[in-house]
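Open the model in your viewer and keep the sequence panel beside it. The stops below each give a selection and then what is found there.

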Amino acid sequence: MFYNKGVDAISRLQLLSAQMSLEPAEEASTGRSAGQKPVCFTPKQADEVFIHPAQMPDGRQIELLKTLLSSACERDCFYCPFRAGRDMRRATFKPDEFAALFMNLYRVGAVEGLFVSSGLAGGGVRTQDKLLDTVDILRHRQGFGGYVHLKLMPGAEKDQVLRAMQLADRVSVNLEAPNTDRLSRLAPHKQFIEELMQPLKWVEEIRRTMPPPHQPWRRPSDYATTQLSHYATNQLRDYKGHWPSTTTQFVAGGADESDLELLTTTDWLVRNLRLKRAYFSAFSPIPDTPLENKAATDPLREHRLYQASFLLRDYGFDLEELPFATDGNLPLPTDPKQAWAESHLSQTPLELNTADRSQLLRVPGIGPKGAEKIVKARRERRLRDLSMLRKLGISAERAAPFVLLDGQRMAGQLRLF
Ligand code: SF4
């Protein structure tokens, strides 16, 4: 069912941004949860669209509009609310219509960035062209220089991938499942290698072989009249020309895949295609889809997958070191880093005054920033007790069972806290 007829653009944006609101995006959204607190988008209108606070890689937080260009789709993925033939309200925008609406939001200070995807209509190539045209209008006709995350459609061609990379700050492909076999259980008409993995490979090939693009729309004068010129101006000042980062998304539990399968593919993507991040969305059954009777995935599994993926990406862990059970899944009750430390450091605790950075990262409660602080602090004086760790912002209680400070086990000091 199409919703466009007689429906104004604001109502369509409300619908499409709500339909996109559960798609995870950007580094770590903080503050308001996705979809929970829609905001008014002009001072005068009571209408609401879903705008999300999103944290940029450099730590800045921006107001991100996440939306579909169209929720019409010709495919029939088993898990998806937008699958063809499902009775639901749908809407669609033309590229110039959407670009004008977005710029209205931008100029009144309601949004600073855009994450845009779409259902498929007329094939992946045609749909990708519409997405590209939308961002092209924003960049070249409207002069928008802020953050854009652009979804690559299944089957996008190489020149489209290049064009997307010239226009966007981030591009992503939803792999949905970790391999061909698993994808066939979720989306029988999607081709894992040819349609989904290939665009990601092209992104990395382009990054490796071509110089970063010239982006003439990044001019400070374009932001002088907006209420959000601060972020844009900072972005311009920092801008040196770069290719976009890449992310992907998996539906965790939708195809009965194991954590080992998901993390094997994630690890390969990070190491070989410099994937910035994998997002894991716990499967949740949608009424009137072929998987409507399948049990929902425990949200804790999603959390454990994120923890494990960060251990692989940022903490120097190898896949073989993660505590997979015989079924290939991580134990839900235990943090994977805690489980590793309990079997490797309980009997042989680590001396924090001499451990190198990679060893420090193995200790629960010590992250990359904490490890840097420890290395810096001990250049000035030896670390002797847990209070010194606490002053560095380290979670002393979590670290204590696994460390020595000046040769002393610290677990006994916990009662002092
Ligand atoms: S192609 Fe995308 S929007 Fe269409 S049914 Fe599949 S997952 Fe849903």
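How many of the eight residues of strand β8 (residues 245-252) are buried? Select the strand and count: six of the eight are buried, and β8 is mostly covered. Keep in mind throughout that this is a predicted model.

**The whole chain**

Zoom out before going on. The protein has 14 helices and 12 strands. Of its 417 residues, 40% are buried. Take the contacts between residues at least 6 apart in sequence: 67% of them join residues at least 24 apart.

**Around β8**

Return to β8 and add strand β7 (residues 170-176) to the selection. The two strands run parallel and are joined by five bridges. Now add strand β9 (residues 277-282), which is also parallel to β8 and is joined to it by six bridges. For one residue pair at this second pairing, pick glutamine 249, whose bridge partner in β9 is tyrosine 279.

Next, show helix α8 (residues 259-273). Together with β8 and β9, helix α8 makes a β-α-β unit, and the unit is right-handed.

**Glutamate 176**

Select glutamate 176, which lies in strand β7. Across from glutamate 176, in β8, stands phenylalanine 250. Check the backbone angles here: phi of glutamate 176 is positive, about 70 degrees, although the residue is not a glycine. Is glutamate 176 buried or exposed? It has 23 other C-beta atoms within 10 Å, and the cut-off for buried is 20 or more, so glutamate 176 is buried.

**The nonpolar cores**

Phenylalanine 250 leads to the next stop. Phe250 is among the residues with the most contacts inside the largest nonpolar core, which has 78 residues. The others listed with Phe250 are Val135, Leu150, Ala164, Ala168 and Leu186. Colour helix α6 (residues 192-209) as well; α6 gives the most to this core, with five residues.

Centre on alanine 164. Leaving aside neighbours within four places in sequence, alanine 164 is in contact with Leu132, Leu150, Leu152 and Val171. A second core, separate from the one just visited, has 20 residues, including Leu360, Leu386, Ala400 and Val403.

**The three-stranded sheet**

Val403 is also a way into another sheet: valine 403 is in β11, where it is the bridge partner of leucine 350. Select β10, β11 and β12. These three strands form an open sheet in that order, with mixed pairing. β10 (350-351) and β12 (408-409) stand at the edges with a single partner strand each, so one side of each has no neighbour in the sheet. β10 and β11 (residues 403-405) run parallel, joined by two bridges.

Move on to the loop between β11 and β12, and select aspartate 406 there. Aspartate 406 has a positive phi, near 55 degrees, and is not a glycine. Is aspartate 406 buried or exposed? It has 12 C-beta neighbours inside 10 Å and counts as exposed.

**The ligand**

For the last stop, select the ligand and the residues around it. These residues are Cys73, Arg75, Cys77, Cys80, Phe82, Arg83, Gly119, Leu120 and Ala187. Colour them by class: the shell has six nonpolar residues, one polar and two charged.

Note on methods
Residues numbered from 1 in each chain as written. Predicted model: local features only at pLDDT ≥ 70, side-chain atom pairs only at ≥ 80, totals over all residues. Helix = DSSP H or I, 4+ residues; strand = E, 2+ residues; numbered from the N terminus. Pairing = 2+ DSSP bridges. Right-handed = clockwise from strand over helix to strand, strands pointing away. Near = placed C-beta within 6 Å. Nonpolar A, V, L, I, M, F, W, Y, C, P; charged D, E, K, R; others polar. Core = buried A, V, L, I, M, F, W, Y, C linked by C-beta atoms within 7 Å. Contact = placed C-beta atoms within 7 Å.
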